[in-house]
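Colleague: I've got a protein model open and I'm not sure how to read it. Could you walk me through it?

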Amino acid sequence: MAKINLKLSSKDVETSLQDGSIKLQYIPATIKGDGPANLEQFFTPYTETQRDGTLCNALRGYPLRGKATSLPAGYTGVMLQETKKPLSDEDDRTLTFAGAFRDFTYWNYDRQPSRNDPMAKALGWLQLAEVLHGDEPDTDTEQAVKQERSK
């Protein structure tokens, strides 16, 4: 069975967050290439902000609608990069730390961003899981149980 090795440290994550140089763009496209994208020259200057706060741009002639988004409090995203592809499915894989982020922009094709987008739903699940499985007791529930027992 193949293993996946992760090479990152909390110091790397903290340094990357303090640097703040990562401007993550989540674009619904498959791009066959692994070189630099040079977003600052070819993409970012053409991004327009609409009155309602949504962003507009285009990728290879396809209209994009986007939204700047932050991860929920207490969460940090990390990017991992695989520099050497395994020769087979049985070979071990190594993913190396490439950066950390707390904010990103996600894009849709010609559709306004909404709470029904898969990315927004995933972030909503993080908050829901925190409520359901968090360490803080639900004081309203505890008080109701105490009142019921005292009757």
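**Reading the model step by step**

Modeller: Let's start small, with one polar contact: the backbone oxygen of Lys-67 sits 3.3 Å from a polar atom of the Thr-69 side chain. Keep in mind that this is a predicted model.

Colleague: Where is Thr-69 in the chain's layout?

Modeller: Thr-69 belongs to strand 5, which covers residues 62–70.

Colleague: And is Thr-69 buried or exposed?

Modeller: The idea is to compare relative accessibility with a cut-off, and buried means under 20%. Thr-69 has 14% relative accessibility, so it counts as buried.

Colleague: Which residues does Thr-69 touch, apart from its neighbours within four places in sequence?

Modeller: You'll find Arg-102, Asp-103, Phe-104, Tyr-106 and Leu-123 in contact with Thr-69.

Colleague: OK, how do I read the sheet that strand 5 is in?

Modeller: Look at the order of the strands and how they pair. Here five strands make an open sheet, ordered 2-8-5-4-3, with mixed pairing. Strand 2 (24–26) and strand 3 are at the edges with a single partner strand each, so each has one side left without a neighbour in the sheet.

Colleague: How many bridges join strand 5 to strand 8?

Modeller: Seven, and the two strands run antiparallel, with strand 8 taking in residues 103–109. You can even spot a facing pair: Lys-67 stands opposite Tyr-106 in strand 8. So we've met Tyr-106 already, as one of the contacts of Thr-69.

Colleague: What lies across those strands?

Modeller: That's helix 3 (residues 118–133), which lies across strand 2, strand 5 and strand 8. Its direction is at about 140 degrees to strand 8.

Colleague: Can we look at an edge strand too? Which residues does Glu-48 touch, leaving out those up to four places away in sequence?

Modeller: Glu-48 is in strand 3 (residues 48–49), and it touches Thr-54, Leu-55 and Cys-56. You can also check a distance through space: Glu-48 and Arg-65 are 17 residues apart along the chain, and their C-alpha atoms are separated by 9.7 Å.

Colleague: What about the sheet of three strands: what is its order?

Modeller: The order is 1-7-6, and this open sheet also has mixed pairing. Strand 1 (4–7) and strand 6 (77–81) have a single partner strand each, so one side of each has no neighbour in the sheet. From one strand to the next, the twist averages 40 degrees.

Colleague: How do strand 1 and strand 7 run?

Modeller: They run parallel, joined by four bridges, and strand 7 spans residues 93–101. Ile-4 stands opposite Arg-93 in strand 7. Helix 1 (residues 10–19) packs on this sheet, touching strand 6 and strand 7, and makes about 35 degrees with the direction of strand 7.

Colleague: Now zoom out for me. What pattern does the chain follow along the sequence?

Modeller: It reads β-α-β-α-β-β-β-β-β-β-α-α, with four helices and eight strands. Of its 151 residues, 19% count as buried. Take the contacts between residues at least 6 apart in sequence: 63% of them join residues at least 24 apart.

Colleague: Last one: where is the confidence lowest, and where is it highest?

Modeller: Look at the average, then at the extremes. The chain has a mean pLDDT of 86, and 89% of its residues reach 70 or more. Confidence is lowest in helix 4 (residues 139–150), with a mean of 57, and highest in strand 3, at 95.

Definitions and conventions: Residues are numbered from 1 along each chain as its sequence is written. This is a predicted model: local features need pLDDT of at least 70, side-chain atom pairs count only at pLDDT 80 or more; totals for chains, interfaces and linings use all residues. Side-chain values use heavy atoms; hydrogens and water are left out. Contact means heavy atoms within 4.5 Å. pLDDT is the predictor's confidence in each residue, from 0 to 100. Buried means under 20% relative accessible area, exposed over 50%, partly exposed in between (1.4 Å probe, protein chains only). Two strands pair if DSSP finds at least two bridges between them. Axes are lines fitted to C-alpha atoms, for helices over the stretch in contact, and angles run from 0 to 180 degrees between N-to-C directions. A polar contact is a pair of N or O atoms within 3.5 Å; within protein, one must be able to donate a hydrogen and the other to accept it, and residues adjacent in sequence count only if both atoms are side-chain atoms.
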